[in-house]
Amino acid sequence: MTDRSPQRSEQYSLSMMYGTYADILFVLFPFLVIGMQRLWDGRLYDTLMQADLSIAAAILAGLAIGKFVLGLVTNRELGRYKERIVFFIALTLFVVLGPSIILMLSIVGNEEVPGFVAFVQPVLLIIAISLYSTAVSISNLLTRFGTEALASGPDDGRPADSPEQDSRPRPAPLDLPRRTGSDRL
């Protein structure tokens, strides 16, 4: 059993990595198309001077914040790690989302765009990709930790199928209202 557990964990991590980068590529795909069109027209430098990369960074920052919040909501027994996750949320807002929105508004509102924008936008995008990857890893780790803790049962010496365990209420993840047949749009 010890041989299969690390292999299963490695496969899970690898599939999560592929899923994370698939999300990133899916977000960046429209901006790649825009960049290729500008390259075709001979205006590739315009991509760095337009708000496109800031929009992509803002989208990824929003997705990262969503993943961080999902990690907070999924496992309520985080203890000292709550502050760290809240720090990552604040970091994402302060370092990526805020500057991206400011750059978008400034680029769209001004005819003359300063040259530093060509450097700042790709840096924001790289930071957003890094924070999104981190957010997905943290969220998946907390989700997996929460489900393993529920599956392993209590640590009080009782067997997992004892009647005392079944009578205790379990914390529900997100309780979403279910749609019934009488619901109308």
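Ser139 sits in helix α5, which covers residues 117-152. The model is a predicted one, and every value below is computed from it or comes from a record. Ser139 has a relative accessibility of 1%, so this residue counts as buried, the cut-off for that word being under 20%. Leaving aside residues up to four places away in sequence, Ser139 is in contact with Lys67, Leu70 and Gly71.

Those contacts lead to helix α3, residues 52-74. How far apart should the ends of this helix be? With 23 residues at 1.5 Å a residue, helix α3 should span 33 Å, and its end C-alpha atoms are indeed 33 Å apart, so the two values agree. The buried residues of α3 include Asp52, Leu53 and Ser54 towards one end of the list, and also Ala64, Ile65, Phe68 and Gly71. Gly71, then, is buried and is also one of the residues that Ser139 touches. A general point about helices helps in reading such a list: an α-helix has 3.6 residues a turn, so residues three or four places apart point the same way.

The UniProt record, an unreviewed entry, gives the annotation "transmembrane region" to residues 12-33, 53-73, 85-109 and 115-135. Two of these spans can be set beside the model. Residues 85-109 are 100% helix and 0% strand, with end C-alpha atoms 34 Å apart. Residues 115-135 are 90% helix and 0% strand, and their end C-alpha atoms lie 31 Å apart.

Next come the charged residues. Side chains of opposite charge can pair when their charged atoms come close. How many salt bridges are found in the whole structure? The search gives 3. One of them joins Asp52 to Arg38, with the closest N and O atoms 2.4 Å apart. Asp52 belongs to helix α3 and Arg38 to helix α1 (residues 4-40), so this pair ties together parts that are 14 residues apart in sequence. Both Asp52 and Arg38 are buried.

Another salt bridge links the side chains of Asp41 and Arg43, at 3.8 Å from N to O. Arg43 also forms a salt bridge with Asp46, where the closest N and O atoms are 3.6 Å apart. Because these bridges share partners, Asp41, Arg43 and Asp46 are joined into one network. Are its members buried or partly exposed? Asp41 has a relative accessibility of 42% and so counts as partly exposed. Arg43, at 40%, is partly exposed, and Asp46 is partly exposed with a relative accessible area of 26%.

Terms used. Residues are numbered from 1 along each chain as its sequence is written. This is a predicted model: local features need pLDDT of at least 70, side-chain atom pairs count only at pLDDT 80 or more; totals for chains, interfaces and linings use all residues. Side-chain values use heavy atoms; hydrogens and water are left out. Helices (H or I, at least four residues) and strands (E, at least two) are DSSP runs, numbered from the N terminus. Buried means under 20% relative accessible area, exposed over 50%, partly exposed in between (1.4 Å probe, protein chains only). Contact means heavy atoms within 4.5 Å. The expected span of a helix is 1.5 Å times one less than its number of residues. UniProt positions are given in the numbering used here, feature names are shortened, and annotations may be inferred rather than shown by experiment. A salt bridge is a side-chain nitrogen of Lys or Arg within 4 Å of a carboxyl oxygen of Asp or Glu.
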